[in-house]
Structure formats: C-alpha cells, structure tokens
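Subject: Structure for your review

Hello,

Here is the structure I said I would pass on. My notes on it follow below.

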Amino acid sequence: MQPRIPRQSTTEHGANRVDNDARLTAELAAVVAGARRRALRDGDRQIDTAHLLHTLLESDPAVSAVFEGGGAQVARLLGYLVQRSIGYGLRWQSSVEDSGALPVLPGAAGTAGWSPIAAGALEEACERAGRRGDALARGVDLLAAIVVDPQSRAVEVLRRGGVDAGELLARIAHVEQVEAGWAEYEEYEAYEEFARGVEGGD
C-alpha cells in the first residue's frame with residue numbers, strides 16, 4: 001500500500017514548511033528537531049525515516065506502547081538504529097531514500113535536506129490528524145505515516161527487528177479505535193450524570 005501523499009502540497013511549501021510546521025504538537029516538533037540533529041551528527045546528507053523512527057522510539061512513550069513486543073522489541077530496534085553509521089547505514093549514505101513519488105527537498109546551506117519519503121510522511125501525519133479531527137499531528141501519526149511506505153528505511157529497520165509493518169499499522173488503528181470509543185464512553189457517562197442531576201433537581 002502506497003502512502004496518501006499529495007505531490008503538490010509538499011513541493012509547494014518546501015523544506016521550510018517541513019521544518020517549521022505549526023500543525024505538529026510540541027512533542028512531535030521536538031522529534032523533528034532531534035532527527036535533524038541526529039542526521040547532522042552522523043554526517044548524513046538527508047533526514048530520512050530511520051532518523052525519525054529512531055527519535056520517536058527514544059522520546060515518545062505512546063509510540064513505544066504500540067509495539068507488541070514492548071520494551072524488549074523497542075530496545076532491539078534501537079540497537080539496529082544505532083548501528084547505521086557502521087552497518088547497513090553506510091549504504092544509505094550514498095543514496096537517497098526515495099520511492100519516486102516526490103523530489104528531494106534540499107536543506108539550507110550547511111544543513112541536511114529531507115528525503116522525499118520523510119518529507120511526505122510528515123505531511124501525511126498532519127493530514128492523518130486532520131482526518132481524525134485533531135488540529136495537531138502527534139508521534140503515532142508520524143509512525144503510521146513512515147511505515148506505510150514499503151520503500152522507507154524505517155520499514156527496513158522494522159523488518160530487521162522482526163516487526164511486520166502491516167501488523168504495526170493494524171495495532172495503531174486498534175489503539176486509536178479504543179481511544180475514540182473510550183472518549184465516547186466518558187462523554188456518555190458525563191451526560192448520564194448530568195441527566196441524573198436534572199432529574200434529582202425536579
């Protein structure tokens with residue numbers, strides 16, 4: 001399944017939109033900044049989905065919670081991610097993470113640009129939040145967006161860590177359905193309490 005990423009919106013706004021998106025929660029904006037720092041520290045010429053996955057796993061408990069294997073599985077994935085500078089990541093340094101859907105978004109002088117898949121994933125995370133009725137995208141939205149593309153480096157890391165991307169997406173959907181149902185239940189309970197109060201007042 002290919003990600004629902006509008007070609008025009010990402011290319012129009014460019015790298016500045018990716019780096020300064022007001023549609024992200026403060027926590028997700030910090031993840032984006034952390035991914036940029038990691039790319040620069042590692043000497044990578046682009047910020048890719050593996051950088052985003054790495055920072056999400058390190059800093060967002062809600063993201064870690066959707067992994068069926070729990071902390072052990074997350075630790076195994078982080079172990080693969082920290083090896084990118086000495087292992088398979090060396091191959092990544094000479095190529096662009098690209099499924100062919102979008103052009104590369106170069107960064108400002110002296111900074112790393114965004115891979116097409118990573119830039120598109122951030123855009124999709126915001127749209128995903130909007131479809132849910134939220135104004136701001138959160139970490140789980142970005143996780144879902146980066147693993148939906150089978151060509152992403154994040155999906156490669158997941159495969160190495162024994163995580164099926166399709167099953168992970170199903171778990172994310174289930175968690176969100178439970179959260180939505182719980183919110184409806186709480187709203188119903190509040191209404192029932194209000195109704196009982198009105199009846200008691202009569």
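I begin with one helix and its packing. The buried residues of α5 pack against three other helices, namely α3 (49–59), α4 (61–65) and α9 (153–160). Please keep in mind that this is a predicted model.

The residues of α5 in question are Gln 73, Val 74, Leu 77, Leu 78 and Leu 81, which are buried. They lie on the same side of α5, because they cover an arc of only 140° around the axis. The spacing fits a general rule: an α-helix has 3.6 residues a turn, so residues three or four places apart point the same way. As for its dimensions, α5 runs over residues 70–81, 12 residues in all. From first C-alpha to last, α5 reaches 17 Å, close to the 16 Å expected at 1.5 Å a residue.

Helix α8 (residues 139–147) is another case. Nine of its nine residues are buried, so α8 is largely enclosed by the rest of the structure. Its buried residues include Val 140, Leu 142, Leu 143, Ile 146 and Val 147. Asp 141 is also among the buried residues of α8, as are Gly 139, Ala 144 and Ala 145.

Next, the stretch around strand β2. Gly 113 belongs to β2, which covers residues 113–114. With a relative accessible area of 6%, Gly 113 is buried, because the cut-off for that class is under 20%. Its C-alpha atom is separated by 9.0 Å from that of Asp 48, although the two residues are 65 apart along the chain.

Ser 115 sits in the loop between β2 and α7 (116–132). Is Ser 115 buried or exposed? Its relative accessibility is 0%, so Ser 115 counts as buried. Leaving aside neighbours within four places in sequence, Ser 115 is in contact with Gln 46, Ile 47, Asp 48 and Glu 97. Asp 48 thus appears in the notes on both Gly 113 and Ser 115.

Finally, the chain as a whole. Its secondary structure comes to 10 helices and two strands, in the order α-α-β-α-α-α-α-β-α-α-α-α along the sequence. The chain has 202 residues, of which 45% count as buried. Among contacts with a separation of 6 or more, 68% are between residues 24 or more positions apart. The chain exposes about 10,300 Å², and carbon and sulfur atoms supply 53% of that area.

Regards

Technical notes
Residues numbered from 1 in each chain as written. Predicted model: local features only at pLDDT ≥ 70, side-chain atom pairs only at ≥ 80, totals over all residues. Heavy atoms only, no water. Helix = DSSP H or I, 4+ residues; strand = E, 2+ residues; numbered from the N terminus. Buried < 20%, exposed > 50% of the residue type's maximum accessible area, 1.4 Å probe, protein only. Contact = heavy atoms within 4.5 Å. Expected span 1.5 Å × (residues − 1). Arc of directions from axis to C-beta. Areas by Shrake-Rupley, 256 points an atom, 1.4 Å probe, with all protein chains shown as cover.
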